[in-house]
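Reader: I have the sequence and the coordinates open. Walk me through them with short answers, please.

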Amino acid sequence: MIETPRLTLRRFKATDAAPLAAYRNDPDIARYQAWPSPLSPQAAADTVRRYAEQDPDRPGWFQYAIELKADGGLAGDLGVLLHETGAQADLGFTLAPHLHRQGYATEAVQAVIRHLFARGLHRVSAECDARNTASARLLERNGFQREGRRPEFTRNINTGEWTDTLLYGLLARDWSDLISPSSAR
Ligand SMILES: CC(C)(COP(=O)(O)OP(=O)(O)OC[C@H]1O[C@@H](n2cnc3c(N)ncnc32)[C@H](O)[C@@H]1OP(=O)(O)O)[C@@H](O)C(=O)NCCC(=O)NCCS
């Protein structure tokens with residue numbers, strides 16, 4: 001559905017269940033996330049089936065499967081929560097650990113942001129656990145502004161601890177200034 005030089009972002013399919021469970025069951029990957037871990041094989045199959053039925057053009061979540069062109073494997077997933085107004089969205093993302101630090105998440109996030117702003121969205125938001133430095137770096141690398149910190153705003157689904165949440169946002173006009181600075185007002 002969305003192509004980048006190294007990735008295809010597409011709808012989930014049944015064969016994604018095992019690789020999805022493999023990275024979501026890694027405690028380092030699940031640490032700051034809002035989904036339950038570990039995931040049983042049945043729960044992974046149900047999750048993938050639910051993702052496959054989502055509609056990217058309707059309000060609510062659409063979860064892209066991130067596929068690596070080099071080997072066709074599932075590299076991760078990227079969720080877009082389209083608001084009821086159709087003018088805003090929230091993002092969430094996960095990459096399998098063996099693919100970290102090679103720019104794949106940046107490539108996927110940039111492609112989805114470009115796609116969302118091309119279809120007329122005004123603003124994209126994201127949040128992360130304040131300790132999730134890789135996630136904060138990824139957002140800032142892609143032009144997101146840090147807009148605040150909410151102390152003990154989120155209760156971690158797996159550990160029960162109350163955690164601080166960082167808030168991030170990116171406006172369409174700031175994005176276009178970022179990708180073509182000569183058009184900056
Ligand atoms: C958040 C997450 C997706 C970020 O992954 P990441 O590998 O750090 O991000 P990228 O794939 O964009 O890689 C960027 C890094 O690769 C380096 N890099 C190497 N080659 C690169 C290239 N061709 N292009 C861009 N960056 C490249 C960058 O310098 C950067 O390193 P740095 O973080 O030391 O500055 C990952 O840490 C993750 O899946 N975490 C677990 C799930 C999670 O917590 N998700 C967020 C919930 S809010």
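Reader: How many aromatic pairs does the structure hold?
Author: Two ground rules come first: this is a predicted model, where local features need pLDDT of at least 70, side-chain atom pairs count only at pLDDT 80 or more, and totals for chains, interfaces and linings use all residues. Residues are numbered from 1 along each chain as its sequence is written, and side-chain values use heavy atoms, with hydrogens and water left out. Rings of Phe, Tyr and Trp (its six-membered ring) pair if their centres lie within 6.5 Å; planes under 30 degrees apart count as stacked, over 60 as edge-to-face and the rest as tilted. The number of aromatic pairs in the structure is three.

Reader: What kind of pair do phenylalanine 12 and tyrosine 51 form?
Author: Their ring centres are 5.1 Å apart, with 55° between the planes. The pair links distant parts of the chain, 39 residues apart: phenylalanine 12 is in the loop between strand E2 (7-10) and helix H1 (17-24), and tyrosine 51 is in helix H3 (residues 41-52). Both residues are buried, that is, under 20% relative accessible area, where over 50% is exposed and in between is partly exposed (1.4 Å probe, protein chains only). The pair is tilted.

Reader: Why does the pair of phenylalanine 62 and tyrosine 64 count as edge-to-face?
Author: Phenylalanine 62 and tyrosine 64 are both buried. Their ring centres lie 4.8 Å apart. The pair is edge-to-face because the planes stand at 80°.

Reader: Which residue lies over the face of phenylalanine 153?
Author: A charge sits over a ring if NZ of Lys or CZ of Arg is within 6 Å of the ring centre and within 35 degrees of the ring normal. Here the distance from the ring centre is 4.3 Å. The residue is arginine 150.

Reader: How many helices and how many strands are in the protein chain?
Author: Helices (H or I, at least four residues) and strands (E, at least two) are DSSP runs, numbered from the N terminus. From that end the elements run β-β-α-α-α-β-β-β-α-β-α-β-β-α. The count is six helices and eight strands.

Reader: In what order do the strands sit in the open sheet?
Author: Two strands pair if DSSP finds at least two bridges between them. The pairing in this eight-strand sheet is mixed. Strand E1 (2-3) and E7 each have a single partner strand, so one side of each is left without a neighbour in the sheet. The order is E1-E2-E3-E4-E5-E6-E8-E7.

Reader: Is strand E8 largely enclosed or open, and how many of its residues are buried?
Author: Strand E8 covers residues 162-171. Strand E6 (residues 123-129) pairs with E8 in the antiparallel sense over seven bridges, and strand E7 (residues 145-155) also pairs antiparallel with E8 over seven bridges. E8 is largely enclosed by the rest of the structure because the buried residues number eight of ten.

Reader: Which residue in the turn of the E7 and E8 hairpin has a positive phi?
Author: Two partnerships place the strands: arginine 149 stands opposite leucine 166 in E8, and arginine 155 has tryptophan 162 as its bridge partner. Six residues lie between E7 and E8. The one with phi of about 80° is glycine 160.

Reader: Is arginine 24 buried or exposed?
Author: Arginine 24 is in helix H1. Leaving aside neighbours within four places in sequence, its contacts (heavy atoms within 4.5 Å) include Trp35, Tyr51 and Asp77. Because its relative accessibility is 3%, arginine 24 counts as buried.

Reader: Which residues does the cis peptide bond join?
Author: Most residues other than glycine have a negative phi, and most peptide bonds are trans. In this bond omega is about 5°. Proline 38 is in the loop between helix H2 (27-30) and H3. The bond joins serine 37 and proline 38.

Reader: What is phi of arginine 101?
Author: Arginine 101 is in the loop between strand E5 (88-95) and helix H4 (104-118). Its relative accessibility is 77%, so arginine 101 counts as exposed. Its phi is positive, in a residue other than glycine, and is near 60°.
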